[in-house]
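Here is the note you asked for, written to be read beside the sequence and the coordinates. The points run from the cysteines, through one arginine and the salt bridges, to the contact between the chains.

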Amino acid sequence: MSWTDDEIDKVFREAAEHPVFEYQASYFQDIEKQLPIKKGRKIGWYWWTANVFIVGFISLVFLGNWSAKNDGKIATVETPKVEKDILVAQTTVLKSQRTRSTGFTTTSSVNSIDRIGQSTKNQQIGKNSTPKKEVVETKLPSSIRLQDVLHREVLKTENLDSEIETLSLTENYASLDASLLLLELEPFGFENQQLANNLYPLKKIKNSFYIGMNAGVEQAWTSNKLESSSMNSRISFELGYRIPMRNFQFSAGLGIEATKLDDLRIKERTKLYGFGSSILENSYQFNSIYSLIIPVEISKSFGRHSIGFGLVGEMNVFAHASHEKTVDGIRTANATGFTNVDLFNRFNVIPSLSYSLALTDKLQLGLALQAQLIQPLNSDRFIGAPTKLPVSGQMFIKRSLKF
Amino acid sequence: MKIQLKYLFGLILFLMLSSCDKDIIEDPKPDEKPVFKIEGMLGSEAFSATAGDDGSLMSTFIDQFHHVDLYTGKIANDELEFELGFFNGNIDMDQTSIMDALNQGILFAKLPQTPLLSISKDQLPNSSLISSINWTIDGQYASQNTVTFIEPGKYNVGADVHFYDGTSATISNDMIIGYHRNVACQLRHFLGQNGHLQVWVDEYTQDISNVKWYMNGNLVSTNNKLDTIVSEYGYSVKAEINFVNGTKRTRTIWVDGSLNGKFIDDFASFESNSSTIEWDYNSKLTIKKDGNTYTTLSANNQLSEFEVLAVDYYSTSSQGKPIYKIVGNIDCFVKNVTTNEVLPLQATITFAVEFK
């Protein structure tokens, strides 16, 4: 027995005029039981991951266990089989709900994961007892779009080759978002969230210029046991170019960095002999040092989140210092001004590990950890012991530019 | 475009700042080596002092010993005081050069055991008219009729001459005793019946360059011979004599115009009768150690040595005088001024002395 056009029109007309939607709490409860991640834990997943990562990195550096191992693995996100099954289950449930809502007869229900993949031969549409194809358990790539999943699964499950089925699915897509909202299922979990992000992807600008500002603190370049530890503060501005590649994003720039030095001093006493002796004391207080930087970074995005590894080439250009000279305690000279950086290493290489969050499609806010690979001080004239691999933590903001 | 200009401007500003003169970091200076120090043995005890260490200070000054400059340096702290001085020489000349003398070797000055010179009233040619003379030295009363000089020096000797007629007159002359005199001379005078007074320099051993004549303090002539008319009152006649060899002496006589034979002759000419002892550029060493004071002045150092190894200009004093650094070896005797104990002293010195 086949459906005539009139009959089909009648069915749709009745369904449109008298929509039957009986929501039962058990629907959601059934689904919720199958969800592996609770709602409260889904929100800060990336933040917590980033924090754990940063704290772990700091701990490694401070414990001296830092090793520059890089096994070359590329981070991959594998979708667990269970979660994929859940996804299929969700899809099936939704399909079932839609079927009910449109008046289609549904004789089977999905009550457990175990039933996923079983034959659905007993499922019928209306009076038609056309056997359905078995649901094939499929490895789903995590980046697949939800619509594709739904579409593919429905096709696999029902094997509807008629226009009616196509029509019913098209009609039911419209109610999908409503169903999700109604069920409060918007954050599905990691994969669902990712998929949702992919449903509404950020607008990515390709091959764009950017400006950035970094600000943060850094371990002081010298340490003195007699005094409390101090921190330098850093700020830099950079202009760069960003090139998105397949799964990564490469950026390189040029910037200016100012480091406010805290308690970096030279105090030299010289005994001058003559008819007696005088103590000549030369004191230098370095206030800041200015550098040119070339930041290079490669990052990988996970939706709005990005983790990047970079190298910053640094060239110290000049410093600002105060100079006071006294002879037997009597000040004979007092000057403040710019000076050369002969007492510092001219060049430096700074590896950087960063985490960032895209606030908008142009604005990026993030945290970065850096460590100077080369001892910044090039002289033993400074007070205190030089700090090895001074670590800095910075917050940065980057904005894409359109000229 | 505006943004690009901002960045360009910022880059230019950065480059300008980085190209500024920035050389204010001085290279570190190591501690200097001590400049002045002494070390040696006094008797069997070692001593040393370094100016700038242990509270020791080097000081220089020009002392005076009977109006003769004593160019002195001293290293001293609370425990040790080492003072070394050099007497001036050629003190009858304006310009002297101690540097030549230092390079020729230094002798130690020794106080004479006997008086260098005595001048009595009776030595004056008109002593029969003089009842007494009150001698003063450097303005201080010294003795009557006879004055004795024991230590070398340049003395301003005053003679307050009292004549038998109850009148008196006073003149003073500089006398150089115990030092080398580059010229000997004597003022002589003749007073005629009509008050015609002639005064001239006699018995001089060097050619005279010029003479300035003063009567009662007033310049009256620049001729080599004073020729004038005086009245019956007394006159102080002073001659400033410049000799060709650079020596400069001043002599004063007193002449009474009353023709009674009252005059005070040039008693300074008696200095040529003094001992042959000359302290020109001799040295004087004094060391105070452990509460005792030792000096070379009273010890016999005829065979002692003061070897000057180097004399170099070092700096200028606050008074504008040149200060020289003297490196030398000393091997001499010193006498305890209290106990008269004589001890040998050997020392190596790097010393500062201030000269004129």
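**Notes on the predicted model**

1. Over all chains, the structure holds zero disulfides, and the reader should keep in mind from the outset that this is a predicted model. Two cysteines of chain B may be looked at in this light: B:Cys185 counts as buried because its relative accessibility is 6%, and B:Cys332 counts as buried because its relative accessibility is 1%.

2. B:Cys185 leads on to an arginine, since its backbone oxygen lies 2.7 Å from a polar atom of the side chain of B:Arg251. That arginine has its place in strand β18 of chain B, which covers residues 248-256, and with a relative accessible area of 1% B:Arg251 is buried. Leaving aside residues up to four places away in sequence, B:Arg251 touches a set of residues that includes B:Asn173, B:Gln186, B:Leu187, B:Val237, B:Ile241, B:Asp266 and B:Ser269.

3. Which acidic side chain meets that of B:Arg251 in a salt bridge? The partner is B:Glu271, with a distance of 3.2 Å from N to O, and the two side chains are also joined by a polar contact of 3.2 Å. B:Arg251 lies in strand β18 of chain B, whereas B:Glu271 lies in the loop between β19 (263-264) and β20 (283-289) of chain B, so the pair ties together parts that are 20 residues apart in sequence. Both B:Arg251 and B:Glu271 are buried.

4. A second salt bridge of chain B deserves a separate look, namely the one in which the side chains of B:Asp69 and B:Lys356 meet at 2.8 Å, N to O. This pair links distant parts of the chain, with B:Asp69 in strand β4 (residues 68-76) of chain B and B:Lys356 in the segment after β24 (342-354) of chain B, 287 residues apart. The accessibilities of the two partners should be read one by one: B:Asp69 counts as buried at 9% relative accessibility, while B:Lys356 counts as exposed at 60% relative accessibility.

5. In chain A, A:Glu281 lies in strand β5, and it counts as buried because its relative accessibility is 15%, where the cut-off for buried is under 20%. Its side chain is joined to that of A:Arg269 by a polar contact of 2.9 Å. With residues up to four places away in sequence not counted, A:Glu281 touches A:Lys267, A:Glu268, A:Arg269, A:Glu324, A:Lys325 and A:Thr326.

6. One of those neighbours, A:Glu324, forms a salt bridge with A:Arg331, in which the closest N and O atoms are 3.1 Å apart. A:Arg331 counts as exposed at 52% relative accessibility, whereas A:Glu324, with a relative accessible area of 28%, is partly exposed. Over all chains the structure holds 23 salt bridges.

7. Turning to the contact between the chains, 33 residues from chain A and 33 residues from chain B take part. The area buried between chain A and chain B is about 2700 Å², and carbon and sulfur atoms give 65% of it. On the side of chain A, the residues that lose the most area to chain B are A:Tyr273, A:Phe275 and A:Phe338, which together account for 28% of what that side buries.

8. How many salt bridges are counted between chain A and chain B? The count is two, and a salt bridge in which the side chains of A:Lys271 and B:Asp53 meet at 2.7 Å, N to O, can be inspected directly. Between chain A and chain B there are also 13 residue pairs in polar contact, counted where both residues are at pLDDT 80 or more.

9. The elements that give two or more residues to the side of chain A that touches chain B are β4 (248-273), β5 (277-302), β6 (305-327) and β7 (330-339) of chain A. Of these, β5(A) gives the most, with eight residues. By residue class, the side of chain A that touches chain B divides into 18 nonpolar, 10 polar and five charged residues.

Key
Residues numbered from 1 in each chain as written. Chains lettered and ligands numbered in written order. Predicted model: local features only at pLDDT ≥ 70, side-chain atom pairs only at ≥ 80, totals over all residues. Heavy atoms only, no water. Contact = heavy atoms within 4.5 Å. Buried area = accessible area lost by both parts, 1.4 Å probe. Salt bridge = Lys/Arg side-chain N within 4 Å of Asp/Glu carboxyl O. Polar contact = N/O pair within 3.5 Å; in protein donor to acceptor, adjacent residues only side chain to side chain. Helix = DSSP H or I, 4+ residues; strand = E, 2+ residues; numbered from the N terminus. Nonpolar A, V, L, I, M, F, W, Y, C, P; charged D, E, K, R; others polar. Disulfide = S-S within 2.5 Å. Buried < 20%, exposed > 50% of the residue type's maximum accessible area, 1.4 Å probe, protein only.
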